[in-house]
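Subject: Structure for your files

Hello,

Here is the structure I said I would pass on, with my notes below it. Please read the notes with the model open.

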Amino acid sequence: KGFPMAGHSKWANIQHRKGRQDEKRGKVWTRIIREITVAARTGGGDPAMNPRLRLAIDKAKAANMPADRVKYNVDKASGNLEGVNYDEVRYEGYGIGGAAIIVDCMTDNRVRTVAEVRHAFSKYGGNLGTDGSVAFQFKHCGQFVFAPGTSEDQVMELALEAGAEDVLTDDEGAVEVLCAPPDFEAVQAALEAAGLKPEVAEVTMRAENTVALEGEDAERMQKLLDVLEDLDDTQAVFHNAEMPA
């Protein structure tokens with residue numbers, strides 16, 4: 001059997017995060033377009049040959065982006081149209097109570113981006129660290145989370161057969177599946193073929209250990225995360241804080 005999560009509830013934290021993301025729909029499209037742009041530029045414009053582009057297009061569909069808009073951005077990035085060049089850059093730092101934070105950005109101006117990220121950290125009680133200062137506390141992996149009440153046995157059997165590395169259950173009965181990034185699509189296909197719909201399905205940086213924050217500390221941490229999330233160049237923010245939902 002999988003091991004229980006450290007701390008209280010992975011599930012509550014995920015629901016909380018999804019709720020906050022849903023409030024930021026406009027920004028979601030912008031991020032997806034950047035992801036499509038970089039994926040197509042680095043791996044070519046044919047989704048059949050480019051797993052990263054396939055995932056980005058899946059995200060676009062899930063966010064109800066029109067197909068012609070997706071195609072336009074793929075064409076633009078794969079050289080058929082003139083476009084902006086984005087660099088991918090990762091910043092690492094510390095939030096409240098020493099919680100670890102990773103901020104993944106795509107930018108056409110690194111000088112501007114690092115200044116904005118550094119300012120957000122220092123203004124809201126964190127500090128920007130050096131490369132590698134916190135990344136080792138996270139695992140790059142595919143992650144699927146199923147609502148409490150999902151059959152752990154069924155998920156486990158399907159997921160492990162499809163190449164997943166681990167199946168875990170949290171205190172509330174949510175079931176989490178972890179896999180290596182290259183196995184993400186195979187595991188996703190196996191779960192969906194069985195009619196199992198995850199609440200979360202993504203390739204992510206997953207915290208190996210969490211830092212519990214309560215009360216004012218949790219509020220301050222959430223503020224810092226919100227400000228980092230809202231920066232124009234931010235694609236994703238990962239952290240290891242557990243906060244009451």
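In which strand does F144 lie? F144 is part of strand 4, which covers residues 138–146. Please keep in mind throughout that this is a predicted model.

**Around F144**

F144 is buried, because its relative accessibility is 1% and the cut-off for buried is under 20%. Leaving out residues up to four places away in sequence, F144 touches V175, E176, V177, C179, F184, V187, Q188, L191, P198, V200 and A201. One of these contacts, C179, is 35 residues from F144 in sequence, and the C-alpha atoms of the two are 8.8 Å apart.

**Cysteines**

The structure has zero disulfides. C179 is in none, and the nearest cysteine sulfur to it belongs to C141, at 7.3 Å. A disulfide would need the two sulfur atoms within 2.5 Å. C179 is buried, at 0% relative accessibility. C105 is buried too, with a relative accessibility of 3%.

**The chain as a whole**

The protein chain has eight helices and 10 strands. It contains 245 residues, and buried residues make up 44% of them. Of the contacts with a separation of 6 or more, 72% are between residues 24 or more positions apart.

**Nonpolar cores**

In soluble globular proteins, nonpolar side chains tend to be buried together. The largest nonpolar core here has 21 residues, and the members that touch the most others are I101, V103, M221 and L228. Two or more residues come from each of strand 1 (87–94), strand 2 (100–107), helix 5 (110–123) and helix 8. Helix 8 contributes the most, with six residues.

What does V103 touch, apart from residues up to four places away in sequence? Its contacts are V89, R90, Y91, F121, L228, T234, A236 and V237. There is also a second, separate core, made of 15 residues, with I33, I36, A39 and V74 among them.

**Helix 3 against helix 7**

Helix 3 spans residues 51–62 and helix 7 spans residues 184–193; their axes come within 11 Å and cross at roughly 45°. The crossing angle therefore makes helix 3 oblique to helix 7. On the helix 3 side the contact is made by P51, R54, L55 and D58, and on the helix 7 side by F184, E185 and Q188. By class, this contact has three nonpolar, one polar and three charged residues. Two of the helix 7 residues named here, F184 and Q188, also appear in the list of residues that F144 touches.

**Loop residues**

Three loop positions are worth finding in the viewer.

- D233 is in the loop between helix 8 (215–230) and strand 9 (234–239). Is D233 buried or exposed? D233 is buried, because its relative accessible area is 3%. Its contacts, not counting residues up to four places away in sequence, are R34, D104, C105, M106, T107, R112, T113 and E116.
- G173 is in the loop between strand 5 (166–169) and strand 6 (175–179). G173 counts as partly exposed, at 22% relative accessibility. Beyond residues up to four places away in sequence, G173 touches A147, P148 and G149. G173 and F146 are 27 residues apart in sequence, with a C-alpha to C-alpha distance of 9.0 Å.
- N64 is in the loop between helix 3 and helix 4 (67–77). Its phi is near 60°, a positive value in a residue other than glycine. N64 is exposed, because its relative accessible area is 62% and exposed means over 50%.

**R118 in helix 5**

R118 sits in helix 5. With a relative accessible area of 47%, R118 is partly exposed. How far apart are the C-alpha atoms of R118 and L128? The two residues are 10 apart along the chain, and their C-alpha atoms are separated by 5.8 Å.

Regards

Technical notes:
Residues numbered from 1 in each chain as written. Predicted model: local features only at pLDDT ≥ 70, side-chain atom pairs only at ≥ 80, totals over all residues. Heavy atoms only, no water. Axes fitted to C-alpha atoms, helices over the stretch in contact; angles between N-to-C directions. Helix = DSSP H or I, 4+ residues; strand = E, 2+ residues; numbered from the N terminus. Parallel < 35°, antiparallel > 145°, perpendicular 65-115°, else oblique. Contact = heavy atoms within 4.5 Å. Nonpolar A, V, L, I, M, F, W, Y, C, P; charged D, E, K, R; others polar. Buried < 20%, exposed > 50% of the residue type's maximum accessible area, 1.4 Å probe, protein only. Core = buried A, V, L, I, M, F, W, Y, C linked by side-chain atoms within 4.5 Å.
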